[in-house]
Amino acid sequence: QVQLVESGGGSVQAGGSLRLSCVISGWISRRNCVAWFRQAPGKEREGVAAVFAGGGTTDYADSVKDRFIISQDYAKKTVYLQMNSLKPEDTAMYYCAWDSGYPCTIGTMGPRSWGQGTQVTVSS
């Protein structure tokens, strides 16, 4: 069974950067979709970015477009989220998840499993 473990969260001032990692265990297809989500207290869970496990087309929420970059290394079974120009509104628990659907977009994801999450806190 596929399991995911996130790491790389922390506390940073506005304008700073962080890189999150999601390590995947178990079998996953190159055409399975891996995505990052986030949830802040009192807010709905929000899709952030998505990519096929084997690479290719990426998808981003408008709120993070041009600031965040999702990437992957299929051989290492790892997906990354580079977060630049961080804003206080980016503060949330960040989770990675996977899905077998197509297309691979945050709007069409129906996650089959989730990681435990990693906390990102951005101060003003």
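The exercises below work through side-chain contacts in a predicted model.

Residues are numbered from 1 along each chain as its sequence is written. In this predicted model, local features need pLDDT of at least 70, side-chain atom pairs count only at pLDDT 80 or more, totals for chains, interfaces and linings use all residues, and side-chain values use heavy atoms, with hydrogens and water left out.

**Exercise 1.** Classify the ring pair of Tyr 95 and Trp 114 and place it in the chain.

Step 1. Rings of Phe, Tyr and Trp (its six-membered ring) pair if their centres lie within 6.5 Å; planes under 30 degrees apart are stacked, over 60 edge-to-face, the rest tilted. The count by this rule is two aromatic pairs.

Step 2. The centres of the Tyr 95 and Trp 114 rings are 6.3 Å apart and the planes stand at 90°, so this pair is edge-to-face.

Step 3. Tyr 95 belongs to strand β9 (residues 92-99) and Trp 114 to strand β10 (residues 113-114), 19 residues apart. Strands (E, at least two residues) and helices (H or I, at least four) are DSSP runs numbered from the N terminus.

Step 4. Buried means under 20% relative accessible area, exposed over 50%, partly exposed in between (1.4 Å probe, protein chains only). Tyr 95, at 17%, is buried, while Trp 114, at 34%, is partly exposed.

Step 5. Phe 37 joins Tyr 95 and Trp 114 in one aromatic cluster.

**Exercise 2.** Find the rings that lie under the charged ends of Arg 30 and Arg 31.

Step 1. A charge sits over a ring if NZ of Lys or CZ of Arg is within 6 Å of the ring centre and within 35 degrees of the ring normal.

Step 2. For Arg 30 the ring is that of Tyr 74, with the charged end 5.5 Å from its centre. For Arg 31 the ring is that of Phe 52, at 3.8 Å.

**Exercise 3.** Trace the salt bridges of Glu 46 and Arg 67.

Step 1. A salt bridge needs a side-chain nitrogen of Lys or Arg within 4 Å of a carboxyl oxygen of Asp or Glu. The structure holds four.

Step 2. Glu 46 pairs with Arg 38, the closest N and O atoms being 2.8 Å apart. Glu 46 is partly exposed at 28%; Arg 38 is buried at 6%.

Step 3. Arg 67 pairs with Asp 90, also with closest N and O atoms 2.8 Å apart. Arg 67 lies in the loop between β6 (58-60) and β7 and Asp 90 in the loop between β8 and β9, so the bridge ties together parts 23 residues apart in sequence. Both residues, Arg 67 and Asp 90, are buried.

Step 4. Arg 38, Glu 46, Arg 67 and Asp 90 are linked in a network of salt bridges.
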